[in-house]
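Work through the exercises below with the structure open beside you. Try each task before you read its solution.

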Amino acid sequence: MKQYQLAVIGAGPAGMAAATEASRQGLSVIVLDEQAQPGGQIYRAIEQASPQRLAVLGADYAKGSALAAGFRASGADYLPSTLLWNAERKDGHFLLDLSTGAGSRRISASRLLVATGAVERPVPVPGWTLPGVTTAGALQILLKAHGGVAQSAVLAGAGPLLLLLAQQMIAAGVAPRAVVEIGPANRLRRALPFLPRALAGWRYLVKGAGMLRALRQAGVAWYQGASGFWIEGSGEATAVHFEIAGEAHRIECSQVALHMGVVPNPQLTRMLRCEHDWHPTQQAFVPRTDVFFETSEAGVFVAGDGAGIGGAASAVLRGQLVALRIAALEGVRGAEARIPAIRRRLKRDAAVRPFLEALYAPAEEVLNPTDTTLVCRCEEVTAGAIRQAVAGGAPGPNQLKAFLRCGMGPCQGRTCGPAVTALVARTRGVSEAEAGYFRVRPPLKPLPLSELADIAED
Amino acid sequence: MLKRLEPVPAGGADKEDEGLEFDFEGTRISAAPGDTVAAALMLAGIRTTRSTPASGASRAPYCLMGSCFECLMEIDGVPNRQACMVAVRPGMVVRRQAGAARLALTGGPEGGL
Ligand code: FES
C-alpha cells in the first residue's frame, strides 16, 4: 500500500494550491477528487475553456488556469473521478478507502487536508422540487462546463453568486428574465455599518458594482425585498410568485435558479468527527480549527471554503498555509517562514466578508418555511411534519431521521441538513448549536456492493 | 428552456465513434465532449429524469455537482447512478428511474437507505 505524507481531498483552489506547495516543499502528496478534472466548482472545466468562454465567465474564473497548470506540473499524484468514502486511523496513519468507479482501493497518509469546499444553502420554497428549478450553481456549471444557457430564467434568492451568474448570462447573450432578491428590502442599510472595514477589500466592491451595472445596462428586471416567494407549475416550473411591499408579482419563466449563499461542505469533516461551531454571521456550522487550520482531530486539516466561507483567493492562501505548516511538521526547515506574509494577505482578503455576510444574510422565509413546503426533497418531508415531530419529542436532526426518515434518502441529508437545523432551532426556540446537525457515517456516499468485492491495495 | 451556445460537434469524417450519441429511452441524444449524462439530457430539452419513491412526483437534476442525488438514473442497466457525475460514452443506454430502485449497499447513513 502506498504511503503519502499528505492526502488532499478536493482539487479546487485550496486543494490545488496546497498540493502544489506541499510538493514544492518535497512532500509526497496525493490529491483525490470526485470530478474528472481539476478546478473544483469555482474553476470547473477551466482546462477546456475556450477564449470565448473565458470572456463570458470573466477574469476571476480565468485565474484558475494558472492554478490548474501549476498543479498539473507539481508532481503530486492525482486521482480524478475518485471518492474517498471511509477513513480510519491506524498506527499513526490514516487508511483511506477510495472508490474509483472501477473498484475500491486503499492508500495511507500521515495527514489529511479536507478541501471539499462549499455547497449551496438549501432554498426550501414552495415548488423548489419542480423540474426546471435548479441551484444557481447548477446553471453556472452548465455554462462553465457545457456552454449551456437558460432562456427565460428567473434567478431568485440572495448572494453574490446570483448577480455573478446574471452578469455571465448577459455576457453570453442570454440575459435572465429577472433577478428576484428574497428577504428584507433594507439589506444595504443593514450592511452599511460594515462598509468602512470592507473598503480594504475594495476590489470586491468594485466587482459587485460592475455586476449591478451589467444588470442595469442589459435592462434586466431586478426586484428587491421580495417575500412569500413560490414557484408555480404542475410537472414543471412555469412561473414564480412573490410580493413586494404588499404588491403581488407573477413572472412567467421556464427555468428558476435558486441561491441563498453557500455553507462549508460538512460531509467529510463530520464523518471524520471534527468538532464544528455555529458561525452566527455566516449562518453555518464551521469546523473548529487552530491558527494553522488543523481541526480538533489531530492530523486532519481543512482549507478553502470548507473552513468557513472566504472565497477562492482565500482558499488558495489557506491551502498554501496548510502545506507550509505540514512541511514544517514533517521537518522541512524554514517552511514556515512565508506564513506571516500569507496571514497578512488572508486578513486583507477577508476584510469584505462581514459586509457581504450582513448584506446577503439568508432570508427568514427559507430558514422557517411554511408548513406545506418540502424540506427533505428525497423523502418528501414537509416543514409542518418536522415541526410536529419536534413538538412530539424529536429534539434534533438525528431523531428526526427516526421519526420521519428525513435526511435518510439517497442524498444522506446533504441538501436539507442546514434547513433542518434552522427549522429545529426556530421550532424549539434554541440556538442552531443546540439544535445540532445530522451525524455523517461512512460510506460517505452510497456504494454498490461490487465496489467492495475487491479492495485493491497499492 | 436550456440551449447550447455552441452546436454539438457532429461525428467526424471517420464517423461511428466520433459523435457522442447515446440512447435515452429510445431517443438518440447527442452530447458534446466533456458532457455528463445529466447535462446532455438537460441541454437536449429533457425536463424530467426520475420520479420519487414517496409520491411519484417528477424530478430533474438540481445541483449538477454530485450533492443532491436528484439526478439518479439507470445507466447501462445499473440503477441509482448520479447522472451528473457520469461522463457520456457513445452508445450508453440511459433510462429514467421510477421510484426507489433498490440500492445494494453496505451501509449508508444511520439505519441504511
Ligand atoms: S444533480 Fe445533484 S447530484 Fe446530480
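Helices (H or I, at least four residues) and strands (E, at least two) are DSSP runs, numbered from the N terminus. The model is predicted: local features need pLDDT of at least 70, side-chain atom pairs count only at pLDDT 80 or more, and totals for chains, interfaces and linings use all residues. Residues are numbered from 1 along each chain as its sequence is written, chains are lettered from A and ligands numbered from 1 in the order in which they are written, and side-chain values use heavy atoms, with hydrogens and water left out.

**Exercise 1. A helix and what follows it**

Task: Find out how many residues of α5(A) are buried, and which residue follows α5(A).

Solution.
- Start with the term. Buried means under 20% relative accessible area, exposed over 50%, and partly exposed in between (1.4 Å probe, protein chains only).
- Now count. Eleven of the eleven residues of α5(A) are buried, and the helix is mostly covered.
- Among the buried ones are A:A136, A:L139, A:K144 and A:H146.
- Step past the end. A:G147 follows α5(A), and its phi is positive, near 60°.

**Exercise 2. A mixed sheet**

Task: Determine the strand order of the open sheet in chain A, and say which strands stand at its edges.

Solution.
- Fix the pairing rule. Two strands pair if DSSP finds at least two bridges between them.
- Strands of a sheet pair through backbone hydrogen bonds, either parallel or antiparallel.
- Read the order. Seven strands of chain A run β8-β15-β10-β11-β12-β13-β14, with mixed pairing.
- Go to the edges. β8 (133–135) and β14 (247–252) of chain A each have a single partner strand, so one side of each lacks a neighbour in the sheet.
- Check the twist. Neighbouring strands are turned by 40° against each other on average, direction ignored. Such axes are lines fitted to C-alpha atoms, for helices over the stretch in contact, and angles run from 0 to 180 degrees between N-to-C directions.

**Exercise 3. Around β15(A)**

Task: Describe the partners of β15(A), the helices packed on the sheet, and why β15(A) is largely enclosed.

Solution.
- Take one partner. β8(A) pairs with β15 (residues 255–260) of chain A in the parallel sense, over three bridges.
- Name two of the bridges. A:T134 is matched with A:A257, and A:T135 with A:L258.
- Add helix α5 (residues 136–146) of chain A. This helix packs on the sheet and touches β8, β10 (153–158) and β15 of chain A. Contact means heavy atoms within 4.5 Å. The direction of α5(A) makes about 85° with that of β8(A).
- Add helix α6 (residues 160–171) of chain A. This helix packs on the sheet too, touching β10, β11 (178–182), β12 (221–232) and β15 of chain A. Its direction makes about 155° with that of β10(A).
- Take another partner. β10(A) and β15(A) run parallel, joined by six bridges. A:L155 has A:A257 as its bridge partner.
- Look at burial. Six of the six residues of β15(A) are buried, so the strand is largely enclosed by the rest of the structure.
- Split the strand by side. A:Q255, A:A257 and A:H259 point one way, while A:V256, A:L258 and A:M260 point the other way.

**Exercise 4. The largest core**

Task: Find how many residues the largest nonpolar core has, and which domains of chain A it draws on.

Solution.
- Define the core. It is a set of buried Ala, Val, Leu, Ile, Met, Phe, Trp, Tyr and Cys residues joined through side-chain atoms within 4.5 Å.
- Count. The largest has 86 residues, and those with the most contacts inside it include A:L155, A:L258, B:F22 and B:V37.
- Place it. The core draws at least three residues from each of domain 1 (3–119 + 263–332) and domain 2 (122–260) of chain A. Domain bounds come from an automatic or database domain assignment.
- Compare. A second, separate core has 73 residues, including A:A11 and A:F293.

**Exercise 5. Two buried residues of chain B**

Task: Locate B:V94 and B:E70, and explain why each counts as buried.

Solution.
- B:V94 lies in strand β8 (residues 93–95) of chain B. Its relative accessibility is 0%, so B:V94 counts as buried.
- Its contacts include B:F22, B:V37 and B:M73. B:V94 and B:V37 are 57 residues apart in sequence and 8.3 Å apart in space, C-alpha to C-alpha.
- B:E70 lies in the loop between β5 (58–59) and β6 (72–75) of chain B. B:E70 also counts as buried, because its relative accessibility is 0%.
- Its side chain makes a polar contact of 2.6 Å with that of B:R50, and one of 2.8 Å with that of B:R59. A polar contact is a pair of N or O atoms within 3.5 Å; within protein, one must be able to donate a hydrogen and the other to accept it, and residues adjacent in sequence count only if both atoms are side-chain atoms.
- Across chains, B:E70 touches A:R377.

Notes. Lists of a residue's contacts leave out its neighbours within four places in sequence.
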